[in-house]
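Thanks for agreeing to look at this one with me. Please open the structure beside these notes and follow along point by point.

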Amino acid sequence: MAEPTERRPRVVLLTLTYKLSDRLQTFISDLTSAGVQVDLLVTERRTVEDVELDDELVNVHHVFESSEMYGHPLRWVERRVLFDVPTKVFTKTREMTREGERLRVLDRAALRARRGQAAVSQGIHHRLFWPVYKRARPLLLISRAKKKTLKNIDIAGADRIIAADSAVVPLAWRLAKRYPGVQATTALNGKPWVK
């Protein structure tokens, strides 16, 4: 008769930053060294591209498969309207005006207009769009994660839910209400597993 294997402790670690901090990487490393299974929820693939994670103990779940910028409709439209379409228009315009002496004046005017348009687009992005989006981003990402990503994570079987940054605290709170048997915290504390 085979002996039953001991169940590994499991932690669901939530973070919506664009890059894992050194502190968070060390925390994950400490957990996996102690044999803790980690389900890591991140924004996009690039978040963990340059990070060495134990593939056997860390399951990475992405809110966006590729990039948030092109995965979320609001970001996609903003990118297209402010940056991609004007760049294509001015590139085509400059291709046509570069040839010939008579068109040089138009070429310089197109170049000045392009620089002005780029400055306006950057201003709109940094002063209008980003401050509003930054406040709405956690709610938008949480909504998307609930619809798509969280279905793949067995939260009821976890020992702890950890909100690693302030953006995911509302999600951790909702999960703690839904799964009252799972401890939820914001502390990066590996006790009792990590000594």
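The notes below go from the whole chain down to single residues.

1. **What you are looking at.** First things first: this is a predicted model. The protein chain has 5 helices and 5 strands. If you walk along the sequence, the elements come up in the pattern β-α-β-β-α-α-α-β-α-β.

2. **Overall dimensions.** Check the outline before zooming in. Along its principal axes, the C-alpha trace spans about 90 × 30 × 30 Å. The radius of gyration is 23 Å, while a compact globule of 195 residues would come out near 16 Å. Of the 195 residues, 38% count as buried. As for contacts with a separation of 6 or more, 63% of them join residues that sit 24 or more positions apart.

3. **The sheet.** In what order do the strands of the open sheet lie? The order is β3-β2-β1-β4-β5, and the pairing is parallel. The edges are formed by β3 and by β5 (183–185), each of which pairs on one side only. On average, neighbouring strands are turned by 20° against each other, direction ignored.

4. **Helices on the sheet.** Two helices deserve a look here. Helix α1 packs on the sheet and touches β1, β2, β3 and β4 (160–163); the direction of α1 makes about 170° with that of β1. Helix α5 (residues 169–178) also packs on the sheet, where its contacts are with β1, β2, β4 and β5. Relative to the direction of β4, α5 makes an angle of about 160°.

5. **β1 to β2.** Strand β1 (residues 10–14) runs parallel to β2, and 5 bridges hold the pairing. To get from β1 to β2 the chain goes through helix α1 (residues 22–33), and this β-α-β crossover is right-handed. If you want residues to click on, R10 has Q37 as its bridge partner in β2, and L13 stands opposite L40.

6. **β2 and its other neighbour.** How much of strand β2 (residues 37–44) is buried? The count is 8 of its 8 residues. On the β3 side, β2 pairs with residues 58–64 in the parallel sense, over 6 bridges. Here L41 stands opposite H61.

7. **D39, an acidic residue under cover.** D39 belongs to strand β2. Is D39 buried or exposed? Its relative accessible area is 4%, and buried means under 20%, so D39 counts as buried. The D39 side chain makes a polar contact with the side chain of N59, at 3.4 Å. Leaving out residues up to four places away in sequence, D39 touches R10, V11, V12, L13, N59, H61 and I153.

8. **β4 and its two partners.** Both faces of β4 are covered: R160 and I162 are buried on one side, I161 and A163 on the other. β4 runs parallel to β1, with 4 bridges between them, and L13 has I162 as its bridge partner there. β4 also pairs with β5 in the parallel sense, over 3 bridges, and I162 stands opposite T185 in β5. The path from β4 to β5 leads through α5, and this β-α-β crossover is right-handed.

9. **T15, in a loop.** T15 is in the loop between β1 and α1. Its relative accessibility is just 1%, and the cut-off for buried is under 20%, so T15 counts as buried. Which side chain does the side chain of T15 meet in a polar contact? That partner is D165, at 2.5 Å. Not counting residues up to four places away in sequence, the residues that T15 touches include L20, L24, L40, L41, V42 and T43. A164, D165 and V168 are also among them.

10. **A cis bond after β5.** One last thing to find in the viewer: the peptide bond from K191 to P192 is cis, with omega near 10°. P192 lies in the segment after β5.

Methods:
Residues are numbered from 1 along each chain as its sequence is written. This is a predicted model: local features need pLDDT of at least 70, side-chain atom pairs count only at pLDDT 80 or more; totals for chains, interfaces and linings use all residues. Side-chain values use heavy atoms; hydrogens and water are left out. Buried means under 20% relative accessible area, exposed over 50%, partly exposed in between (1.4 Å probe, protein chains only). Two strands pair if DSSP finds at least two bridges between them. A crossover is right-handed if, with the strands pointing away from the viewer, the path from the first strand over the helix to the second runs clockwise. A polar contact is a pair of N or O atoms within 3.5 Å; within protein, one must be able to donate a hydrogen and the other to accept it, and residues adjacent in sequence count only if both atoms are side-chain atoms. Contact means heavy atoms within 4.5 Å. Axes are lines fitted to C-alpha atoms, for helices over the stretch in contact, and angles run from 0 to 180 degrees between N-to-C directions. The radius of gyration is taken over C-alpha atoms; the globule rule is 2.2 Å times the number of residues to the power 0.38.
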